[in-house]
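Colleague: Please take a close look at a single part of this model, and then follow the thread to whatever else can be said about its local geometry. Give the cut-offs as you go.

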Amino acid sequence: MSKLLKTILPWLIIAVGLATVIYPRVTGTPLFPVFNYDNPSTPDYNELMDYPFWQVPFVYIFSYLTRAWGPLAFAFVLGGVIVAFVPKQKMQRYMGSSSFYSFLRAGLFAPLLTVCSCAMIPIFGGLLISGAGTGPALTFLLMAPAANFMALIFTSQIISTKIMVFRYLFSFVGAVLIGYVVSRTKWSKQQEAKYASITSVSSEEAKFTFSEKSWNAMKEASILAKLVLPYLGAGVFGISFIERYLPAELIVNYLSGTTGVALAAVIGVPTYTPTLVEIFLVKSLIVKGMAPAAALAFLIGAPMASIPSMMAVSRIVGWRVVGSYAILAVIAAFIAGLVYQTFIVTL
Amino acid sequence: MIKIEVFGTGCPKCKQTGKNSKEALRELGLEGEVKQVTDQVAILQRGITLTPALAINGDVKAMGRIPEVKEIITWLSALR
């Protein structure tokens, strides 16, 4: 492939993907033809019910595919660009200073540093041993999965931009406050002392030209896609049956109002979903009657208090720290849902 | 004998770094072991804050990216 094409490709894909995201919001019609199983002229009836059992997942996936290929391409290539262009070690050093601002920096930079969720725990460790300590490390740890930027793009695209904005804002405020509060506890300070003698090593950052970085971005994008798409496909396959068969009365009774917010905040903890699948799951529950406030609580609480990540972190800082932030995360998710329900849903 | 350590919890990037290391050793015809360090606490205690990371004989050469085979060859050659 020519060097010019290698350099331009990621930017071209981002532009086209962005166009498929923005055009419908501006004009109300999609840029490319889409297939929607749900007929908009019968808003109270979900046409998915008309399809036989074995066709349900394929109809569902096809419908999403025609609407989501653009945002998917945009999200993966943008993710690749972020991995290839963001100077990770420089940002880590910047986040690691011991001022109050490091809480804010940890919250702001988290989405830029954890496109691949595997990097989350080492970077958390890095902040722990830096001058910043447990507080900003926890803020980073909580913000990264809750405001993972690919998840934000998809939340906006599949659910609503309003929910995406508040997911981001409440996650940020929650992450900063919880990080601060937990870092003041005795057990957290003990952990910090345990790691105080370790200093991080630095290595030479490889220098690449803009062309090389652009092509690296494409390679990273394909790594991301291979990592996420198979599980996403399997997840959406399963969710199609939820949307087809789960009784709506169950959802409306338990997942609306204040009870709904509380339940959604709590079930986030044992619910483990692979990256992006939680958004499709929440969307299908909303179609069934889940309240937006409950959806928000779930989208904030589930990533912050996910059991696999809690288990990994507990090996580094112990269960007292993890338990504290998990409980606070569920409370924060609950409060976010309540605030949304009371003040924002009518905006 | 040369000791190459690959730090990472087992994601595809870490495995690729391991593969590149073995390939570099083979191309230079050197005796060496490639050890995968997957325990998070052990990784952190070495001061490593981004994975995948690679160390040759205890010296951390790359952090947060997959080093290419030719880069690893350059580092291995500089050891002599």
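Modeller: Two strands count as paired if DSSP finds at least two bridges between them; helices (H or I, at least four residues) and strands (E, at least two) are DSSP runs, numbered from the N terminus. This is a predicted model, in which local features need pLDDT of at least 70 and side-chain atom pairs count only at pLDDT 80 or more, while totals for chains, interfaces and linings use all residues. Residues are numbered from 1 along each chain as its sequence is written, and chains are lettered from A and ligands numbered from 1 in the order in which they are written.

The part to look at is strand S3 of chain B, residues 53-56. On one side, strand S1 (residues 2-7) of chain B pairs with S3(B) in the antiparallel sense over four bridges, and B:Ile4 stands opposite B:Ile56. S3(B) also pairs with strand S4 (residues 59-63) of chain B, again antiparallel and over four bridges. There B:Val60 of S4(B) is opposite B:Ala55, and B:Asp59 is the bridge partner of B:Ile56. B:Ile56 thus faces B:Ile4 in one pairing and B:Asp59 in the other.

In a regular strand the side chains alternate between the two faces of the sheet. In S3(B), B:Ala53 and B:Ala55 point one way and B:Leu54 and B:Ile56 the other way, and all are buried (20 or more other C-beta atoms, placed from the backbone, within 10 Å of a residue's own; 12 or fewer is exposed, in between is partly exposed).

Both ends of the strand adjoin backbone features worth a check. Most residues other than glycine have a negative phi, and most peptide bonds are trans. Before S3(B), in the loop that follows helix H2 (40-45) of chain B, lies B:Pro52; the peptide bond from B:Thr51 to B:Pro52 is cis, with omega near 5 degrees. After S3(B) comes a hairpin to S4(B) with two residues between the strands. B:Asn57, in that loop, has a positive phi of about 50 degrees although it is not a glycine. With 14 other C-beta atoms within 10 Å, B:Asn57 is partly exposed.

Chain A has a comparable backbone case in A:Leu276, also not a glycine, with a positive phi of about 75 degrees. A:Leu276 sits in the loop between helix H12 (257-267) and helix H13 (277-288) of chain A. A:Leu276 counts as buried because 24 C-beta neighbours lie inside 10 Å.

Another feature of chain A is helix H4 (residues 101-113), whose 13 residues reach 18 Å from first C-alpha to last, close to the 18 Å expected at 1.5 Å a residue (1.5 Å times one less than the number of residues). H4(A) nevertheless has a kink of about 30 degrees at A:Gly107, shortly before the proline A:Pro111; the bend is the angle between axes fitted to the seven residues ending at a position and the seven starting there. Among the buried residues of H4(A) are A:Gly107, A:Ala110 and A:Pro111. Their cover includes helices H3 (88-95), H5 (120-129), H6 (134-146), H7 (149-159) and H8 (161-183) of chain A, where contact requires C-beta atoms, placed from the backbone, to lie within 7 Å.

Between H6 and H7 of chain A is the loop that holds A:Ala147, which is buried with 25 other C-beta atoms within 10 Å. Not counting residues up to four places away in sequence, A:Ala147 touches A:Ala110, A:Pro111, A:Leu152, A:Tyr168, A:Ser171 and A:Phe172. A:Ala147 and A:Tyr168 are 21 residues apart in sequence but 5.6 Å apart in space, C-alpha to C-alpha.

H3(A) has A:Lys88, A:Gln92 and A:Met95 as its buried residues. They cover an arc of only 65 degrees around the axis, which puts them on the same side of H3(A); the arc is that of the directions from the helix axis to the C-beta atoms. These buried residues pack against H4, H5 and H6 of chain A.

Notes. Two residues are in contact if their C-beta atoms, placed from the backbone, lie within 7 Å.
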